[in-house]
Amino acid sequence: MDKLIIEGGRPLVGRVRVSGAKNATLPLMAACLLTGGRNRLRNVPNLRDVGTMAALLRELGAHVDERPGELTIDTARAEGDECPYELVKTMRASVLALGPMVARSGRGRVSLPGGCAIGERPIDQHLKGLEAMGCRIELEGGYVQARAKRLKGAEITFDLITVTGTENIMMAATLAQGRTVLRNAAREPEVVDLAQALNGAGARIEGAGDSIVTIDGVDGLGSIDHAVMPDRIEAGTFMMAAGVTRGELTIENAQMEHLTAVVAKLKEAGLRFQQTPKGLVVSARRAPRPVSVITGPYPGFPTDLQAQFMALMTLCNGSAVIQETIFENRLMHVPELRRLGAEIECGGNTAVVKGVRKLSGAPVMATDLRASACLVLAGLAAGGQTHISRVYHLDRGYERIDQKLINAGATVRRESEPGPGKAH
Ligand code: EPU
């Protein structure tokens, strides 16, 4: 297990490049199962979760060729129908294979993902969608088993907004007989990226990015050849890194239109943004102003940036209220931030952050991916050394983040520490 040692307290100044989005890559990889052909994905980040999805596709019989920034996924022989517990337990997004498997071959078995560090995360909405399309669903031995001769188009209203649920059903519907209408669909840019890739392969999806998505099923899809969208969460993390260290980062490949809610809050906090030919320059000179946020589905403030925003607010000149509404247990970074000197009171899913003048380095532990990013930001701002253990969480979703930060002037070292490495 690796740990990061950060020598903090200095402004970050330099240039960072945003990689392809993890949460767009994973559904795109699963979508390749629908085509039964040779697909190409470009701008693919080199992440642990991408490696896990590649392992899952191979388990199902696909041939996956991994080259820097690119994946070739041949699913001609991907006739497997089972996503085993061993893989699903390391990555919940494995459930994204269910819709494509059933759509293509009429059956799929996926180990039921358990709860995880940030919440229970059931998949009832995925199953409800498949059932509406004519699937028989059985739960047996910890596995969800879905069967259907051919999926049929259906009208589906999700009870709540679910990103991978929308993606799973949208993928399944591309090969269904007739029209599927999804209501209360997730509007995240990753859903749009997936729809564009599928439409490029001959699918007929309309309305992705709105809460009503219409999919007219086709008999077969051609190949997917698609460049993955830039990672908006990584871009937002770098913006907050500039803010918390009072530095200046030129962020290449940041798509501002995906971060409207975030940029508005950061501007309110006093960060400055300037679009230049070299990239988006984000800078801060003084302590952030206190700004409160409530997380919400897109286009609201993303839950995946809540922890990093809290790191920024630990140093604000006042009090900020941060409310998490998507997951039940996503404030696990709070006790760790306190170890660095932050003053935070929690009640339920609300944190009141009272800004302090400075943070000071300490040993802390990463509990999930975005909490890890939060601790990296706090460590970069804190005086002295911060040791962050269990950074395997970070490696699931941030490509070479230590190297990127070093290039922007951070002092970060990676060390191996003894002990078992188990992912969640
Ligand atoms: N939910 C249900 N039933 C369902 C599906 C979801 O009750 O059938 C609940 C969840 O428990 C949660 C809420 O609905 O409380 C929203 O969950 P959603 O399904 O949208 O989350 P997800 O699709 O499992 C994706 C991202 C997450 C991100 C969330 C919210 C991927 C692979 N993962 O998860 O990313 O936090 O949407 O935006 O796209 C991360 O990257 O760190 C991460 C956790």
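**Exercise 1. Determine how many residues of domain 1 are in contact with how many of domain 2, and describe the interface.**

Solution. Count residues with heavy atoms within 4.5 Å across the boundary: 24 residues of domain 1 are in contact with 21 residues of domain 2. This is a predicted model, in which local features need pLDDT of at least 70, side-chain atom pairs count only at pLDDT 80 or more, and totals for chains, interfaces and linings use all residues. Residues are numbered from 1 along each chain as its sequence is written, and side-chain values use heavy atoms, with hydrogens and water left out.

Next, fix the bounds, which come from an automatic or database domain assignment. Domain 1 comprises 2-19 + 230-416, and domain 2 comprises 22-227. Their centres, taken over C-alpha atoms, are 30 Å apart.

Then take the buried area, meaning the accessible area (1.4 Å probe) that two parts lose on being put together, summed over both. The two domains bury about 1,800 Å² between them, with 53% of it on carbon and sulfur atoms. On the domain 1 side, the most area is lost by Tyr298, Arg396 and Glu399, together 31% of what that side buries.

**Exercise 2. Find the charged and polar pairs between the domains, and the elements that supply the domain 1 side.**

Solution. Side chains of opposite charge can pair when their charged atoms come close. The criterion for a salt bridge is a side-chain nitrogen of Lys or Arg within 4 Å of a carboxyl oxygen of Asp or Glu. Between domain 1 and domain 2 the count is 2 salt bridges. Asp49 and Arg396 form a salt bridge through their side chains, at 2.8 Å, N to O.

Polar contacts are pairs of N or O atoms within 3.5 Å; within protein, one must be able to donate a hydrogen and the other to accept it, and residues adjacent in sequence count only if both atoms are side-chain atoms. Between the domains, 6 residue pairs are in polar contact, both at pLDDT 80 or more.

Now assign elements, using DSSP runs numbered from the N terminus (helices: H or I, at least four residues; strands: E, at least two). Helix H12 (369-381) and helix H13 (392-397) each supply at least two residues of the domain 1 side. H13 gives the most, with 4 residues.

**Exercise 3. Identify the residues around the ligand and the polar side-chain distances to its oxygen atoms.**

Solution. Select residues with a heavy atom within 4 Å of the ligand. This yields 22 residues, of which Gln125, Thr162, Thr164, Asp304 and Ile326 come nearest. An N or O atom in the Thr164 side chain lies 2.6 Å from a ligand oxygen atom. For Arg370, the corresponding distance is 2.7 Å. A polar side-chain atom of Arg121 is 3.0 Å from an oxygen atom of the ligand.

**Exercise 4. Locate the backbone exceptions.**

Solution. Start from the usual case: most residues other than glycine have a negative phi, and most peptide bonds are trans. The peptide bond from Tyr298 to Pro299 is cis, with omega near 10 degrees. Pro299 sits in the loop between strand S18 (293-294) and helix H10 (306-313). Asn184, not a glycine, has a positive phi of about 60 degrees. Asn184 belongs to the loop between strand S11 (179-183) and helix H7 (189-200).
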